[in-house]
There are 2 protein chains.
Amino acid sequence: MSSEYMIGDAWGELLRDCHAAGLPAGRYYEICERDDGYISAYDAVGFFEGPGGWPPLDRWACEQARGRVLDVGVGAGRFSLPLQADGVDVVGLDVSPGALKVCAERGLGSTVRGTAGDLDDMRRFDSFLLLGKNLGLLESREQGPRLLAALRRLARPGARILGTGVDPYLLDGAVHGAYLAKNRRHGRLSGQMRLRLRHLLTATAWFDYLFVSPAELSGMTAGTGWSVVDTRTDGAQYAAVLALAPDAAPH
Amino acid sequence: MSSEYMIGDAWGELLRDCHAAGLPAGRYYEICERDDGYISAYDAVGFFEGPGGWPPLDRWACEQARGRVLDVGVGAGRFSLPLQADGVDVVGLDVSPGALKVCAERGLGSTVRGTAGDLDDMRRFDSFLLLGKNLGLLESREQGPRLLAALRRLARPGARILGTGVDPYLLDGAVHGAYLAKNRRHGRLSGQMRLRLRHLLTATAWFDYLFVSPAELSGMTAGTGWSVVDTRTDGAQYAAVLALAPDAAPH
(Lines give C-alpha, C1' and ligand atoms only; values in the text may rest on other atoms or scores of the structure.)
Protein backbone atom coordinates (compact mmCIF):
# COMPACT_ATOMS: atom_id res chain seq x y z
CA MET A 1 0.00 0.00 0.00
CA SER A 2 1.32 3.44 -0.83
CA SER A 3 1.45 5.92 1.98
CA GLU A 4 -1.24 8.38 0.94
CA TYR A 5 -3.67 7.47 3.65
CA MET A 6 -3.55 9.52 6.80
CA ILE A 7 -2.91 8.52 10.39
CA GLY A 8 -5.65 10.09 12.43
CA ASP A 9 -8.90 9.71 14.28
CA ALA A 10 -10.42 7.12 11.94
CA TRP A 11 -12.62 5.85 14.76
CA GLY A 12 -14.06 9.25 15.58
CA GLU A 13 -14.50 10.14 11.91
CA LEU A 14 -16.39 6.90 11.34
CA LEU A 15 -18.75 7.65 14.23
CA ARG A 16 -19.20 11.25 13.07
CA ASP A 17 -19.94 10.27 9.46
CA CYS A 18 -22.38 7.58 10.53
CA HIS A 19 -24.12 9.92 12.96
CA ALA A 20 -24.23 12.83 10.51
CA ALA A 21 -25.80 10.56 7.87
CA GLY A 22 -28.60 9.59 10.25
CA LEU A 23 -27.28 6.14 11.22
CA PRO A 24 -28.07 4.26 8.00
CA ALA A 25 -27.54 0.51 8.33
CA GLY A 26 -25.21 -1.14 5.83
CA ARG A 27 -23.23 1.95 4.93
CA TYR A 28 -20.58 2.71 7.55
CA TYR A 29 -18.31 0.02 8.91
CA GLU A 30 -15.70 -0.26 11.60
CA ILE A 31 -12.95 -1.89 9.56
CA CYS A 32 -10.39 -3.40 11.91
CA GLU A 33 -7.02 -4.63 10.72
CA ARG A 34 -4.61 -6.75 12.75
CA ASP A 35 -0.89 -6.53 12.16
CA ASP A 36 -0.79 -10.00 10.56
CA GLY A 37 -3.29 -8.85 7.94
CA TYR A 38 -6.42 -10.32 9.50
CA ILE A 39 -9.27 -7.96 8.72
CA SER A 40 -12.88 -7.66 9.82
CA ALA A 41 -15.80 -5.29 9.48
CA TYR A 42 -18.70 -4.38 11.75
CA ASP A 43 -21.68 -2.18 10.98
CA ALA A 44 -21.08 1.09 12.83
CA VAL A 45 -24.78 1.44 13.56
CA GLY A 46 -24.17 -1.10 16.33
CA PHE A 47 -22.22 1.52 18.26
CA PHE A 48 -25.35 3.67 18.52
CA GLU A 49 -27.77 0.98 19.67
CA GLY A 50 -29.97 1.36 22.72
CA PRO A 51 -30.03 -1.31 25.46
CA GLY A 52 -32.32 -3.58 23.41
CA GLY A 53 -29.63 -3.84 20.74
CA TRP A 54 -26.71 -4.47 23.08
CA PRO A 55 -25.14 -7.87 23.48
CA PRO A 56 -26.85 -9.50 26.50
CA LEU A 57 -23.56 -9.59 28.41
CA ASP A 58 -23.17 -5.82 28.08
CA ARG A 59 -26.75 -5.34 29.23
CA TRP A 60 -26.21 -7.56 32.25
CA ALA A 61 -23.01 -5.73 33.21
CA CYS A 62 -24.37 -2.25 32.64
CA GLU A 63 -27.42 -2.94 34.80
CA GLN A 64 -25.07 -3.25 37.78
CA ALA A 65 -23.77 0.30 37.46
CA ARG A 66 -24.50 2.45 40.45
CA GLY A 67 -23.35 5.72 41.96
CA ARG A 68 -21.07 7.90 39.86
CA VAL A 69 -19.98 6.16 36.66
CA LEU A 70 -16.91 6.50 34.44
CA ASP A 71 -17.45 5.05 30.95
CA VAL A 72 -13.95 4.16 29.77
CA GLY A 73 -13.80 4.28 25.97
CA VAL A 74 -17.22 5.88 25.71
CA GLY A 75 -17.34 5.82 21.88
CA ALA A 76 -20.64 7.21 20.65
CA GLY A 77 -22.11 6.97 24.15
CA ARG A 78 -24.34 3.94 23.72
CA PHE A 79 -23.90 2.89 27.36
CA SER A 80 -23.62 6.33 28.94
CA LEU A 81 -26.63 7.95 27.33
CA PRO A 82 -29.26 5.56 28.73
CA LEU A 83 -27.60 5.79 32.15
CA GLN A 84 -27.73 9.59 32.00
CA ALA A 85 -31.37 9.40 30.96
CA ASP A 86 -31.99 7.37 34.13
CA GLY A 87 -30.47 10.16 36.22
CA VAL A 88 -27.09 8.53 36.73
CA ASP A 89 -24.07 10.83 37.09
CA VAL A 90 -21.90 9.52 34.24
CA VAL A 91 -18.68 10.77 32.64
CA GLY A 92 -17.60 9.59 29.20
CA LEU A 93 -13.87 9.11 28.69
CA ASP A 94 -12.24 8.63 25.30
CA VAL A 95 -9.02 9.49 23.48
CA SER A 96 -10.98 10.16 20.27
CA PRO A 97 -12.02 13.78 19.67
CA GLY A 98 -14.53 12.65 17.06
CA ALA A 99 -16.16 10.19 19.42
CA LEU A 100 -16.51 12.87 22.11
CA LYS A 101 -17.98 15.26 19.56
CA VAL A 102 -20.62 12.67 18.71
CA CYS A 103 -21.31 12.14 22.42
CA ALA A 104 -21.85 15.88 22.81
CA GLU A 105 -24.12 16.04 19.77
CA ARG A 106 -26.16 13.21 21.25
CA GLY A 107 -26.53 15.09 24.52
CA LEU A 108 -24.01 13.46 26.84
CA GLY A 109 -23.38 16.14 29.42
CA SER A 110 -19.94 15.22 30.73
CA THR A 111 -17.01 13.96 28.69
CA VAL A 112 -13.25 14.00 29.12
CA ARG A 113 -10.65 13.44 26.44
CA GLY A 114 -7.86 11.15 27.55
CA THR A 115 -7.24 7.91 29.40
CA ALA A 116 -7.93 6.94 32.99
CA GLY A 117 -4.32 7.75 33.76
CA ASP A 118 -4.87 11.35 32.67
CA LEU A 119 -7.64 12.03 35.21
CA ASP A 120 -6.92 13.67 38.52
CA ASP A 121 -8.47 12.02 41.56
CA MET A 122 -10.55 15.06 42.58
CA ARG A 123 -13.51 13.30 41.03
CA ARG A 124 -13.97 9.68 42.06
CA PHE A 125 -16.32 6.99 40.86
CA ASP A 126 -18.39 4.07 42.08
CA SER A 127 -18.54 2.20 38.77
CA PHE A 128 -16.14 1.90 35.87
CA LEU A 129 -17.54 0.65 32.57
CA LEU A 130 -15.29 -1.33 30.23
CA LEU A 131 -18.18 -2.50 28.07
CA GLY A 132 -18.37 -3.32 24.37
CA LYS A 133 -15.38 -5.67 24.86
CA ASN A 134 -13.42 -2.79 26.38
CA LEU A 135 -11.61 -5.11 28.74
CA GLY A 136 -9.46 -4.94 25.62
CA LEU A 137 -8.21 -1.58 26.92
CA LEU A 138 -6.11 -3.57 29.40
CA GLU A 139 -3.84 -3.79 26.32
CA SER A 140 -1.15 -6.17 27.55
CA ARG A 141 0.38 -8.03 30.45
CA GLU A 142 2.36 -4.90 31.35
CA GLN A 143 -0.26 -2.24 30.68
CA GLY A 144 -3.25 -3.98 32.25
CA PRO A 145 -2.12 -3.54 35.86
CA ARG A 146 -1.39 0.13 35.13
CA LEU A 147 -4.98 0.69 34.02
CA LEU A 148 -6.24 -1.20 37.08
CA ALA A 149 -4.04 1.00 39.28
CA ALA A 150 -5.36 4.14 37.60
CA LEU A 151 -8.94 3.02 38.20
CA ARG A 152 -8.17 2.25 41.84
CA ARG A 153 -6.81 5.75 42.25
CA LEU A 154 -10.13 7.09 40.92
CA ALA A 155 -12.28 4.69 42.96
CA ARG A 156 -14.63 5.44 45.79
CA PRO A 157 -14.88 2.78 48.50
CA GLY A 158 -16.82 -0.22 47.23
CA ALA A 159 -16.19 0.66 43.59
CA ARG A 160 -16.61 -1.93 40.85
CA ILE A 161 -15.39 -2.45 37.33
CA LEU A 162 -18.02 -3.77 34.92
CA GLY A 163 -16.40 -5.13 31.80
CA THR A 164 -16.94 -7.35 28.81
CA GLY A 165 -14.27 -9.11 26.82
CA VAL A 166 -13.25 -12.01 24.64
CA ASP A 167 -11.58 -15.27 25.65
CA PRO A 168 -8.93 -15.72 22.94
CA TYR A 169 -8.73 -19.47 23.49
CA LEU A 170 -12.33 -19.84 22.31
CA LEU A 171 -11.74 -18.09 18.96
CA ASP A 172 -11.51 -20.04 15.69
CA GLY A 173 -8.05 -21.60 15.85
CA ALA A 174 -7.78 -21.86 12.07
CA VAL A 175 -7.88 -18.08 11.81
CA HIS A 176 -6.34 -16.97 15.10
CA GLY A 177 -4.25 -19.86 16.37
CA ALA A 178 -1.00 -18.87 14.68
CA TYR A 179 -1.32 -15.31 15.96
CA LEU A 180 -1.89 -16.44 19.53
CA ALA A 181 1.06 -18.84 19.32
CA LYS A 182 3.33 -16.11 18.00
CA ASN A 183 2.33 -13.86 20.87
CA ARG A 184 3.25 -16.58 23.35
CA ARG A 185 6.62 -17.15 21.66
CA HIS A 186 7.34 -13.45 22.18
CA GLY A 187 6.34 -13.59 25.84
CA ARG A 188 3.09 -11.74 25.32
CA LEU A 189 -0.33 -12.82 26.50
CA SER A 190 -1.91 -14.92 23.74
CA GLY A 191 -4.67 -12.46 22.97
CA GLN A 192 -2.65 -9.23 22.72
CA MET A 193 -4.04 -8.02 19.41
CA ARG A 194 -2.17 -5.26 17.61
CA LEU A 195 -4.87 -3.45 15.70
CA ARG A 196 -5.76 -0.35 13.81
CA LEU A 197 -9.08 0.94 12.58
CA ARG A 198 -9.54 2.27 9.08
CA HIS A 199 -12.18 4.58 7.64
CA LEU A 200 -12.08 5.91 4.08
CA LEU A 201 -8.57 7.35 3.72
CA THR A 202 -7.74 7.47 7.43
CA ALA A 203 -6.20 4.87 9.70
CA THR A 204 -5.60 5.07 13.42
CA ALA A 205 -2.12 4.43 14.72
CA TRP A 206 -1.53 0.81 15.71
CA PHE A 207 -2.68 0.02 19.24
CA ASP A 208 -2.82 -3.03 21.49
CA TYR A 209 -6.19 -4.48 22.45
CA LEU A 210 -6.23 -7.44 24.80
CA PHE A 211 -8.43 -10.48 24.42
CA VAL A 212 -7.84 -11.78 27.93
CA SER A 213 -9.34 -14.99 29.26
CA PRO A 214 -11.20 -14.87 32.59
CA ALA A 215 -8.34 -16.82 34.20
CA GLU A 216 -5.73 -14.42 32.82
CA LEU A 217 -7.81 -11.50 34.03
CA SER A 218 -7.89 -12.93 37.54
CA GLY A 219 -4.13 -13.39 37.41
CA MET A 220 -3.65 -9.82 36.25
CA THR A 221 -5.44 -8.41 39.29
CA ALA A 222 -2.80 -9.76 41.68
CA GLY A 223 -1.46 -6.91 43.76
CA THR A 224 -3.79 -4.32 42.23
CA GLY A 225 -6.40 -4.42 44.98
CA TRP A 226 -9.04 -5.57 42.46
CA SER A 227 -10.42 -9.05 42.20
CA VAL A 228 -12.90 -10.72 39.88
CA VAL A 229 -16.06 -11.34 41.89
CA ASP A 230 -18.48 -12.45 39.16
CA THR A 231 -18.40 -13.58 35.52
CA ARG A 232 -20.93 -14.64 32.91
CA THR A 233 -19.99 -16.24 29.61
CA ASP A 234 -21.61 -16.51 26.18
CA GLY A 235 -19.42 -18.44 23.77
CA ALA A 236 -16.06 -16.66 23.46
CA GLN A 237 -17.42 -13.53 25.10
CA TYR A 238 -17.85 -12.89 28.77
CA ALA A 239 -18.68 -10.24 31.31
CA ALA A 240 -16.69 -9.73 34.47
CA VAL A 241 -17.30 -7.74 37.63
CA LEU A 242 -14.24 -6.66 39.57
CA ALA A 243 -14.36 -5.26 43.09
CA LEU A 244 -11.78 -3.68 45.39
CA ALA A 245 -10.83 -5.91 48.26
CA PRO A 246 -12.07 -4.52 51.61
CA ASP A 247 -8.51 -3.79 52.68
CA ALA A 248 -7.71 -2.06 49.40
CA ALA A 249 -8.62 1.47 50.34
CA PRO A 250 -8.44 3.97 47.51
CA HIS A 251 -4.93 5.41 47.33
CA MET B 1 1.50 -4.62 8.15
CA SER B 2 3.64 -7.69 8.50
CA SER B 3 3.53 -10.17 5.67
CA GLU B 4 1.74 -13.09 7.28
CA TYR B 5 -1.46 -12.75 5.31
CA MET B 6 -1.76 -14.86 2.19
CA ILE B 7 -2.29 -13.82 -1.41
CA GLY B 8 -5.11 -15.93 -2.73
CA ASP B 9 -8.73 -16.21 -3.69
CA ALA B 10 -10.07 -13.91 -0.97
CA TRP B 11 -13.11 -13.15 -3.11
CA GLY B 12 -14.05 -16.78 -3.61
CA GLU B 13 -13.35 -17.65 0.03
CA LEU B 14 -15.61 -14.82 1.14
CA LEU B 15 -18.45 -16.07 -1.06
CA ARG B 16 -17.90 -19.65 0.07
CA ASP B 17 -17.86 -18.75 3.78
CA CYS B 18 -20.96 -16.59 3.44
CA HIS B 19 -22.78 -19.30 1.48
CA ALA B 20 -21.72 -22.10 3.81
CA ALA B 21 -22.95 -20.11 6.82
CA GLY B 22 -26.40 -19.75 5.28
CA LEU B 23 -26.06 -16.13 4.08
CA PRO B 24 -26.33 -14.36 7.44
CA ALA B 25 -26.64 -10.58 7.07
CA GLY B 26 -24.10 -8.47 8.93
CA ARG B 27 -21.40 -11.10 9.25
CA TYR B 28 -19.40 -11.40 6.01
CA TYR B 29 -18.11 -8.37 4.19
CA GLU B 30 -16.39 -7.65 0.92
CA ILE B 31 -13.57 -5.48 2.22
CA CYS B 32 -12.03 -3.57 -0.66
CA GLU B 33 -8.75 -1.71 -0.34
CA ARG B 34 -7.39 0.78 -2.85
CA ASP B 35 -3.68 1.30 -3.26
CA ASP B 36 -3.83 4.75 -1.65
CA GLY B 37 -5.29 3.22 1.50
CA TYR B 38 -8.94 4.03 0.83
CA ILE B 39 -11.01 1.19 2.25
CA SER B 40 -14.65 0.19 2.10
CA ALA B 41 -16.89 -2.70 3.11
CA TYR B 42 -20.04 -4.18 1.64
CA ASP B 43 -22.25 -6.89 3.09
CA ALA B 44 -21.54 -10.02 1.05
CA VAL B 45 -25.17 -11.10 1.28
CA GLY B 46 -25.79 -8.56 -1.48
CA PHE B 47 -23.92 -10.81 -3.92
CA PHE B 48 -26.55 -13.51 -3.42
CA GLU B 49 -29.65 -11.37 -3.85
CA GLY B 50 -32.45 -12.22 -6.24
CA PRO B 51 -33.72 -9.69 -8.79
CA GLY B 52 -35.82 -7.87 -6.19
CA GLY B 53 -32.63 -7.02 -4.29
CA TRP B 54 -30.56 -5.90 -7.27
CA PRO B 55 -29.82 -2.27 -7.95
CA PRO B 56 -32.51 -1.06 -10.39
CA LEU B 57 -29.91 -0.40 -13.09
CA ASP B 58 -28.74 -4.02 -12.97
CA ARG B 59 -32.32 -5.20 -13.18
CA TRP B 60 -33.01 -2.98 -16.18
CA ALA B 61 -29.88 -4.18 -17.98
CA CYS B 62 -30.37 -7.85 -17.16
CA GLU B 63 -33.93 -7.79 -18.45
CA GLN B 64 -32.52 -7.11 -21.91
CA ALA B 65 -30.54 -10.35 -22.03
CA ARG B 66 -31.62 -12.67 -24.83
CA GLY B 67 -30.26 -15.68 -26.66
CA ARG B 68 -27.16 -17.33 -25.26
CA VAL B 69 -25.64 -15.36 -22.39
CA LEU B 70 -22.10 -15.07 -21.04
CA ASP B 71 -22.00 -13.67 -17.50
CA VAL B 72 -18.54 -12.09 -17.23
CA GLY B 73 -17.39 -12.10 -13.61
CA VAL B 74 -20.27 -14.29 -12.51
CA GLY B 75 -19.42 -14.17 -8.79
CA ALA B 76 -21.96 -16.15 -6.77
CA GLY B 77 -24.30 -16.26 -9.78
CA ARG B 78 -26.89 -13.72 -8.72
CA PHE B 79 -27.61 -12.69 -12.32
CA SER B 80 -27.08 -16.06 -14.02
CA LEU B 81 -29.21 -18.17 -11.72
CA PRO B 82 -32.52 -16.35 -12.34
CA LEU B 83 -31.78 -16.35 -16.08
CA GLN B 84 -31.13 -20.08 -15.99
CA ALA B 85 -34.36 -20.56 -14.05
CA ASP B 86 -36.13 -18.77 -16.89
CA GLY B 87 -34.71 -21.26 -19.37
CA VAL B 88 -31.94 -19.04 -20.70
CA ASP B 89 -28.73 -20.73 -21.89
CA VAL B 90 -26.20 -18.98 -19.66
CA VAL B 91 -22.51 -19.56 -18.98
CA GLY B 92 -20.83 -18.12 -15.88
CA LEU B 93 -17.24 -16.92 -16.33
CA ASP B 94 -14.93 -16.06 -13.46
CA VAL B 95 -11.25 -16.24 -12.54
CA SER B 96 -12.15 -17.19 -8.96
CA PRO B 97 -12.29 -20.93 -8.20
CA GLY B 98 -14.21 -20.24 -5.00
CA ALA B 99 -16.84 -18.20 -6.82
CA LEU B 100 -17.35 -20.97 -9.38
CA LYS B 101 -17.66 -23.52 -6.62
CA VAL B 102 -20.42 -21.46 -5.05
CA CYS B 103 -22.13 -21.16 -8.45
CA ALA B 104 -22.03 -24.93 -8.80
CA GLU B 105 -23.36 -25.44 -5.27
CA ARG B 106 -26.21 -23.10 -6.09
CA GLY B 107 -27.04 -25.09 -9.22
CA LEU B 108 -25.57 -23.07 -12.07
CA GLY B 109 -25.10 -25.65 -14.79
CA SER B 110 -22.36 -24.11 -16.90
CA THR B 111 -19.30 -22.27 -15.66
CA VAL B 112 -15.84 -21.59 -17.04
CA ARG B 113 -12.81 -20.49 -15.11
CA GLY B 114 -10.87 -17.75 -16.84
CA THR B 115 -11.36 -14.48 -18.68
CA ALA B 116 -13.12 -13.75 -21.96
CA GLY B 117 -9.74 -13.87 -23.67
CA ASP B 118 -9.31 -17.48 -22.52
CA LEU B 119 -12.45 -18.73 -24.29
CA ASP B 120 -12.28 -20.29 -27.74
CA ASP B 121 -14.85 -19.07 -30.25
CA MET B 122 -16.51 -22.43 -30.80
CA ARG B 123 -19.27 -21.25 -28.47
CA ARG B 124 -20.65 -17.80 -29.24
CA PHE B 125 -23.07 -15.57 -27.41
CA ASP B 126 -25.90 -13.12 -27.99
CA SER B 127 -25.56 -11.25 -24.70
CA PHE B 128 -22.61 -10.44 -22.50
CA LEU B 129 -23.31 -9.40 -18.92
CA LEU B 130 -20.97 -6.97 -17.19
CA LEU B 131 -23.38 -6.32 -14.33
CA GLY B 132 -22.76 -5.48 -10.68
CA LYS B 133 -20.50 -2.61 -11.85
CA ASN B 134 -18.49 -5.09 -13.90
CA LEU B 135 -17.82 -2.51 -16.59
CA GLY B 136 -14.93 -2.20 -14.13
CA LEU B 137 -13.45 -5.29 -15.78
CA LEU B 138 -12.46 -3.00 -18.66
CA GLU B 139 -9.57 -2.29 -16.25
CA SER B 140 -7.79 0.54 -18.06
CA ARG B 141 -7.44 2.60 -21.23
CA GLU B 142 -5.19 -0.12 -22.68
CA GLN B 143 -7.00 -3.21 -21.43
CA GLY B 144 -10.56 -2.11 -22.13
CA PRO B 145 -10.33 -2.39 -25.94
CA ARG B 146 -8.78 -5.85 -25.52
CA LEU B 147 -11.76 -7.06 -23.52
CA LEU B 148 -14.11 -5.52 -26.10
CA ALA B 149 -12.18 -7.31 -28.88
CA ALA B 150 -12.41 -10.61 -27.00
CA LEU B 151 -16.15 -10.21 -26.62
CA ARG B 152 -16.51 -9.36 -30.32
CA ARG B 153 -14.68 -12.56 -31.16
CA LEU B 154 -17.22 -14.49 -29.04
CA ALA B 155 -20.21 -12.60 -30.42
CA ARG B 156 -23.04 -13.83 -32.57
CA PRO B 157 -24.46 -11.32 -35.05
CA GLY B 158 -26.55 -8.72 -33.24
CA ALA B 159 -24.85 -9.39 -29.92
CA ARG B 160 -25.04 -6.87 -27.09
CA ILE B 161 -23.09 -6.04 -23.97
CA LEU B 162 -25.21 -5.21 -20.95
CA GLY B 163 -23.15 -3.48 -18.33
CA THR B 164 -23.31 -1.34 -15.21
CA GLY B 165 -20.60 0.95 -13.94
CA VAL B 166 -19.63 4.04 -12.01
CA ASP B 167 -18.92 7.53 -13.32
CA PRO B 168 -15.80 8.53 -11.39
CA TYR B 169 -16.47 12.24 -11.86
CA LEU B 170 -19.64 11.95 -9.79
CA LEU B 171 -17.90 10.44 -6.75
CA ASP B 172 -17.21 12.47 -3.61
CA GLY B 173 -14.26 14.65 -4.60
CA ALA B 174 -13.09 15.06 -1.01
CA VAL B 175 -12.40 11.33 -0.82
CA HIS B 176 -11.55 10.43 -4.43
CA GLY B 177 -10.45 13.67 -6.12
CA ALA B 178 -6.75 13.33 -5.33
CA TYR B 179 -6.71 9.74 -6.57
CA LEU B 180 -8.37 10.66 -9.86
CA ALA B 181 -5.98 13.57 -10.36
CA LYS B 182 -2.97 11.36 -9.73
CA ASN B 183 -4.22 8.89 -12.32
CA ARG B 184 -4.50 11.68 -14.87
CA ARG B 185 -0.99 12.92 -14.07
CA HIS B 186 0.26 9.42 -14.87
CA GLY B 187 -1.65 9.28 -18.16
CA ARG B 188 -4.26 6.86 -16.86
CA LEU B 189 -8.00 7.25 -17.09
CA SER B 190 -9.19 9.07 -13.97
CA GLY B 191 -11.14 6.14 -12.59
CA GLN B 192 -8.56 3.38 -12.94
CA MET B 193 -8.79 1.99 -9.43
CA ARG B 194 -6.03 -0.31 -8.23
CA LEU B 195 -7.76 -2.57 -5.74
CA ARG B 196 -7.54 -5.74 -3.78
CA LEU B 197 -10.13 -7.60 -1.77
CA ARG B 198 -9.43 -8.91 1.71
CA HIS B 199 -11.12 -11.63 3.71
CA LEU B 200 -9.85 -12.82 7.10
CA LEU B 201 -6.16 -13.56 6.51
CA THR B 202 -6.30 -13.62 2.71
CA ALA B 203 -5.91 -10.83 0.18
CA THR B 204 -6.25 -11.01 -3.58
CA ALA B 205 -3.42 -9.76 -5.71
CA TRP B 206 -3.80 -6.12 -6.72
CA PHE B 207 -5.94 -5.64 -9.82
CA ASP B 208 -7.23 -2.74 -11.89
CA TYR B 209 -10.95 -1.97 -11.91
CA LEU B 210 -12.14 0.88 -14.08
CA PHE B 211 -14.69 3.45 -13.07
CA VAL B 212 -15.29 4.77 -16.57
CA SER B 213 -17.66 7.60 -17.41
CA PRO B 214 -20.26 7.05 -20.14
CA ALA B 215 -18.35 9.47 -22.39
CA GLU B 216 -15.05 7.66 -21.78
CA LEU B 217 -16.77 4.36 -22.47
CA SER B 218 -18.03 5.67 -25.81
CA GLY B 219 -14.53 6.84 -26.66
CA MET B 220 -13.07 3.46 -25.74
CA THR B 221 -15.28 1.67 -28.25
CA ALA B 222 -13.64 3.44 -31.22
CA GLY B 223 -12.36 0.83 -33.63
CA THR B 224 -13.70 -2.10 -31.62
CA GLY B 225 -16.92 -2.58 -33.62
CA TRP B 226 -18.95 -1.90 -30.48
CA SER B 227 -20.86 1.27 -29.78
CA VAL B 228 -22.95 2.50 -26.86
CA VAL B 229 -26.58 2.46 -27.97
CA ASP B 230 -28.38 3.14 -24.68
CA THR B 231 -27.60 4.35 -21.17
CA ARG B 232 -29.52 4.95 -17.97
CA THR B 233 -28.10 6.77 -14.96
CA ASP B 234 -28.80 6.82 -11.23
CA GLY B 235 -26.47 9.17 -9.42
CA ALA B 236 -22.88 8.10 -10.05
CA GLN B 237 -23.97 4.73 -11.36
CA TYR B 238 -25.23 3.95 -14.80
CA ALA B 239 -26.16 1.11 -17.12
CA ALA B 240 -24.97 0.91 -20.70
CA VAL B 241 -25.99 -1.23 -23.66
CA LEU B 242 -23.36 -1.75 -26.34
CA ALA B 243 -24.11 -3.22 -29.75
CA LEU B 244 -21.96 -4.32 -32.66
CA ALA B 245 -22.20 -1.98 -35.62
CA PRO B 246 -23.98 -3.66 -38.58
CA ASP B 247 -20.71 -3.72 -40.54
CA ALA B 248 -18.81 -5.24 -37.62
CA ALA B 249 -19.24 -8.90 -38.41
CA PRO B 250 -17.87 -11.26 -35.81
CA HIS B 251 -14.23 -11.97 -36.57
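In this predicted model, chain B can be superposed on chain A with an RMSD of 0.0 Å by a turn of 180° combined with a shift of 0.0 Å along the axis. The two copies are therefore related as by a two-fold rotation axis. Within chain B, the C-alpha nearest to this axis belongs to B:A41, which lies 3.5 Å from it. The contact between the copies can be described in similar terms, since 100% of the interface residues of chain B are also interface residues in chain A, so that the copies meet through the same surface.

Charged side chains were examined next. Side chains of opposite charge can pair when their charged atoms come close, and a search of the whole structure finds 16 salt bridges over all chains. One of the salt bridges in chain A joins the side chains of A:D36 and A:R34, with a distance of 3.0 Å from N to O. A:D36 has a relative accessibility of 4% and counts as buried, because the cut-off for this class is under 20%. Its partner A:R34 has a relative accessible area of 2% and is likewise buried. In chain B, a salt bridge is formed by B:D36 with B:R34, whose closest N and O atoms are 3.0 Å apart, and both B:D36 and B:R34 are buried.

A further salt bridge in chain B links B:D121 to B:R124, the closest N and O atoms being 3.3 Å apart. With a relative accessible area of 31%, B:D121 is partly exposed. Salt bridges that share partners also join residues of both chains, for A:E33, A:R196, A:R198, B:E33, B:R196 and B:R198 are connected into one network.

The aspartate A:D71 presents another case, as this residue is buried yet has no salt bridge. The nearest side chain of opposite charge is that of A:R78, which is 8.0 Å away; a salt bridge requires a side-chain nitrogen of Lys or Arg within 4 Å of a carboxyl oxygen of Asp or Glu, so the pair A:D71 and A:R78 does not qualify. A:D71 is located in strand β4 of chain A, which comprises residues 69-72. When residues up to four places away in sequence are left out of the count, A:D71 touches A:F79, A:S80, A:V90, A:V91, A:G92, A:L93 and A:L129.

Definitions and conventions: Residues numbered from 1 in each chain as written. Chains lettered and ligands numbered in written order. Predicted model: local features only at pLDDT ≥ 70, side-chain atom pairs only at ≥ 80, totals over all residues. Heavy atoms only, no water. Helix = DSSP H or I, 4+ residues; strand = E, 2+ residues; numbered from the N terminus. Buried < 20%, exposed > 50% of the residue type's maximum accessible area, 1.4 Å probe, protein only. Lys, Arg positive; Asp, Glu negative; His and termini not counted. Contact = heavy atoms within 4.5 Å. Least-squares fit on C-alpha atoms with pLDDT ≥ 70 in both.
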